[in-house]
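Me: Please take a close look at one residue of this model and then place it among the surrounding elements. A formal account with explicit cut-offs would be appreciated.

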Amino acid sequence: MSTAAKPRIAILGAGPIGLEAALAAVREGYPFAVYEASPGVAGHVRAWGHVRLFTPWSLNASPRMRTALAAAGREAPDGDDCPTGAELVARLLQPAAELPQVAAGLRLATRVLAVGREGLLKHEEIGSAERGRRPFRLLLGDAQGREWVERADVVVDATGSFGQPNSLGDAGIPAPGERGLGAAVARAIPDLARDAAAWAGRTILLAGAGHSAQTAARDLGELAREAPETRVVWTLRRAEPDWGSPAGDPLPERARLAAAAAELAGGASPAVAARRGAVVEALAPAAEGRILVRLRNGGGQGLVVDRLLSLTGSVGDHTLYRQLQVHECYATCGPINLSAALLGAGAGDCLAQTSHGAATLVNPEPGFFILGAKSYGRNNTFLMRVGWQQVDEVFGLLGERQN
């Protein structure tokens, strides 16, 4: 079948899974465009470029990407060293994006604002083949405020979850006063090698118990050795957090981080005070640009701090496809078929994860697929390898439809 007869594919996000999908489209001869809101590929990864991954190069470069780079005379990194986000971009993702066949399809600094089905609303043609005969309509925008529409026959949403942080307040909703503080609430791991002056000597409220919060607690604890006035009040929603490192952890970086976090929460540093079982009840401006924090449980209900650092996880942007027929899980916000498979398999370490088959990636909306970390919703056990398998399965489905 000729290339012209094949469906046009829109890939949302030029991160690791978006670029993986682009390479698959090149290999199979599908026309495609990769839309990336940032001016360079892998904008989300660049945003946490100072953070080191738990997983080594051997688990971060796919066979497809290695083959494509080798064919161009470029070698993908390998081995047991764990890269930082910046190294992942510079040594793997950027070289892959520079391959001529991939670069031709990149639409950088182009944000996808919404996706719909041309001529149809969400509630129309339910379960009808007519929806699949209509092209997708993508509303796009750029930093200059320009907006326009492009069309596609297949959409792969690989936008991830990094840019959509959860709220700081209890019950998953903003605490009173949180929204009014806006950017005063930091929601990413600080780059203390670059921005130490903004944190040193401050009293900081840190919320969260996951790996991002653990990383921040460790780094701030180390900063306090050089700037002894630095104080961290670490709120932990659960009295006994699960630090996310199984016994005999095969990922040494993760094991070391979990051990450091447990020690800090246990009082190993005079600069870090853990408030177990505490949640943020309300926030309000205080004198001299400081912030009054009211906690529930954990004592110290009337804390006054200089900085707020909310690292309570994230979930993908579901507003992109609100006009599409996507069945989401009521608990995880992931696509229902995959969420059901993950829930049925039970909790497990990310290294044990495998794809649950092409059928779990199919939505009621024909030709619309959510891949990568976003497909896992609130489940935090996604592994890059699963994303590569998802790409294989989606392109296998497309190939079946072409035959």
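Is Ser161 buried or exposed, and what is its relative accessible area?

Reply: This is a predicted model, in which local features need pLDDT of at least 70 and side-chain atom pairs count only at pLDDT 80 or more, while totals for chains, interfaces and linings use all residues. Residues are numbered from 1 along each chain as its sequence is written, and side-chain values use heavy atoms, with hydrogens and water left out.

Ser161 has a relative accessible area of 17% and is therefore buried (under 20%; exposed is over 50% and partly exposed lies in between, with a 1.4 Å probe and protein chains only). Its place is in the loop between strand E7 (154–157) and helix H7 (178–181) (DSSP runs numbered from the N terminus: helices H or I of at least four residues, strands E of at least two). Leaving aside residues up to four places away in sequence, Ser161 touches Ser314, Val315 and Gly316 (heavy atoms within 4.5 Å).

Turning to the sheets, one open sheet of 5 strands follows the order E8-E15-E9-E10-E11 with parallel pairing (at least two DSSP bridges between two strands). Its edge strands, E8 (185–186) and E11 (272–276), each pair on one side only. Strand E10 (residues 231–236) runs parallel to E11 and is joined to it by 5 bridges; Leu236 stands opposite Arg276 in E11. Helix H9 (residues 211–226) packs on this sheet, touching E9 (203–207), E10, E11 and E15 (307–310), and its direction makes about 160° with that of E9 (axes are lines fitted to C-alpha atoms, for helices over the stretch in contact, with angles from 0 to 180 degrees between N-to-C directions). Helix H10 (residues 252–265) also packs on the sheet, where it touches E10 and E11 at about 100° to the direction of E10.

A further open sheet has 3 strands in the order E4-E5-E6, paired antiparallel. Strands E4 (111–117) and E6 (147–152) stand at its edges with a single partner strand each, so one side of each has no neighbour in the sheet. On average, neighbouring strands here are turned by 25° against each other, direction ignored. E4 and strand E5 (residues 136–141) run antiparallel and are joined by 6 bridges, with Ala114 opposite Leu139 in E5.

Finally, helix H1 (residues 16–28) packs with helix H12 (residues 384–402) at about 35°, their axes being 10 Å apart. Contact residues of H1 include Pro16, Ile17 and Glu20, and those of H12 include Met384, Trp388 and Phe395.
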